Amino acid sequence: MTAQPKPITTTPDISGGPRHVAIIMDGNGRWATQRGRPRLFGHHAGARRVRDILESCPAAGVKYLTIFAFSTENWKRTQSEVAGLMKLFRKYILTEADALKNNGVRVRFIGDRVRLDPKLVEMMDALEARTIENDSVNLTIAINYGGRDEVARATKRLARDVADGRLNVDEIDEETLPRYLDTWVLPDPDLVIRTSGEARISNFLLWQSAYSEYEFVNTLWPDFTAEEFHQLCAAYAKRDRRFGGVKG
Ligand code: IPE
Ligand code: IPE
Ligand code: MG
């Protein structure tokens, strides 16, 4: 099932493009409904889009790709949709692991693992360990991830460090707090893309996206192509990010 590794070029053909792109992959359900098919059909089609986008990262100069696969709110869906998604995550890891490893992709997972099936968590841990030496593209998959939940979990760990005397209250600032987030090793996203026409962030990377640029596109995730991804990265390169200052 796994494809032959493709040579990865590291020379970006977009100058000034985003180094870290985060994607809210939305619209799988509507895509399936439009075709008279069950929602899970859309999720499977959506999962198949990831490889293409990932493979187009080096040409776009993207070193970090973070994708929102399942939110802390998605447990509200029917038991069969949730179970189908969890099964799909296991299938994705099984079928893609070799290609990810051979293509130099370093995989990380963010989100709270406590509520996930231990078998899935084991597979996630194994894939992280297996790709630890890779560094062509950093793929981060958010499963049972919520920005508020992440901040709450981080705060709990931080409070414990204070209580145990490992951290002084006066040391808590904008530099120390993010070290407790799931994303502590990642740079902040430069560009956040949401597909399917919804213009909201749905609890994704709340802290990290404080100064990210946003693109809300109408394309449903299963129809999202590497070409559109490339266009959005090129459009980002033309934006003027001021971070609160004045253009020099
Ligand atoms: C996004 O697609 C995937 C997940 C949230 C798991 P949706 O399932 O939200 O698709 P729509 O928004 O219902 O079309
Ligand atoms: C956000 O999409 C979560 C993921 C893409 C995994 P949702 O479809 O769950 O978000 P809402 O419900 O439209 O805000
Ligand atoms: Mg949705």
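# A tour from the sheet edge to the ligands

Start by selecting R194 and F216: R194 has F216 as its bridge partner in strand 6. Keep in mind along the way that this is a predicted model.

**Stop 1: strands 5 and 6**

Now widen the selection to strand 5, residues 191–194, together with strand 6. These two strands run parallel and are joined by four bridges.

**Stop 2: the whole sheet**

Next, show every strand of the sheet. In which order do the six strands lie? Reading across, the order is 3-4-2-1-5-6, in an open sheet with parallel pairing. Look at the two edges: strand 3 (105–110) and strand 6 (213–216) each have a single partner strand, so one side of each has no neighbour in the sheet. If you turn the view, you can follow the twist, which averages 20 degrees from one strand to the next.

Now add helix 2, residues 39–55, which packs on the sheet. Helix 2 touches strand 1 (20–24), strand 2 (64–71), strand 3 and strand 4 (137–145). Compare its direction with that of strand 2, and you will find an angle of about 165 degrees.

**Stop 3: strand 2 and its partners**

Select strand 2 by itself. How many of its eight residues are buried? Seven are, so this strand is mostly covered.

Strand 2 pairs with strand 1 in the parallel sense, over five bridges. To see one place where they meet, pick H20, which stands opposite Y64 in strand 2. Then look toward strand 4, which runs parallel to strand 2 and is joined to it by seven bridges. Here, select I67 and find I141 opposite it in strand 4.

**Stop 4: a glutamate in helix 4**

Move to helix 4, residues 79–102, and pick out E96. Is E96 buried or exposed? With a relative accessible area of 13%, E96 falls under the 20% cut-off, so it counts as buried. Show side chains here as well: that of E96 makes a polar contact with the side chain of R51, at 3.0 Å.

**Stop 5: ligand 1**

Select ligand 1 and the residues around it, which include M25, D26, G27, H43 and L85. Three contacts are worth picking out one by one:

- At N28, a backbone N or O atom lies 3.2 Å from an oxygen atom of ligand 1.
- At R30, a backbone N or O atom is 2.7 Å from an oxygen atom of the ligand 1 molecule.
- At R39, a polar side-chain atom is 2.8 Å from an oxygen atom of ligand 1.

On its own, ligand 1 has 370 Å² of accessible area, and the protein covers 86% of it.

**Stop 6: ligand 2**

Finish at ligand 2. The residues around it include I24, F68, F70, R194 and R200. You met R194 when the tour began, as the bridge partner of F216. Which side chains should you show next? Try these:

- N74 has a polar side-chain atom 2.9 Å from an oxygen atom of ligand 2.
- R77 places a polar side-chain atom 3.3 Å from an oxygen atom of ligand 2.
- S202 has a side-chain N or O atom 2.6 Å from an oxygen atom of ligand 2.

Taken alone, ligand 2 exposes 390 Å², of which the protein buries 78%.

Before you leave, select N74 and R77 once more. Both are among the residues around ligand 1, and both are also among those around ligand 2.

Note on methods:
Residues are numbered from 1 along each chain as its sequence is written. Chains are lettered from A and ligands numbered from 1 in the order in which they are written. This is a predicted model: local features need pLDDT of at least 70, side-chain atom pairs count only at pLDDT 80 or more; totals for chains, interfaces and linings use all residues. Side-chain values use heavy atoms; hydrogens and water are left out. Two strands pair if DSSP finds at least two bridges between them. Axes are lines fitted to C-alpha atoms, for helices over the stretch in contact, and angles run from 0 to 180 degrees between N-to-C directions. Contact means heavy atoms within 4.5 Å. A residue is near a molecule or strand if one of its heavy atoms lies within 4 Å of it. A polar contact is a pair of N or O atoms within 3.5 Å; within protein, one must be able to donate a hydrogen and the other to accept it, and residues adjacent in sequence count only if both atoms are side-chain atoms. Accessible areas come from the Shrake-Rupley method with a 1.4 Å probe; for residues, only the protein chains shown count as cover. Buried means under 20% relative accessible area, exposed over 50%, partly exposed in between (1.4 Å probe, protein chains only).
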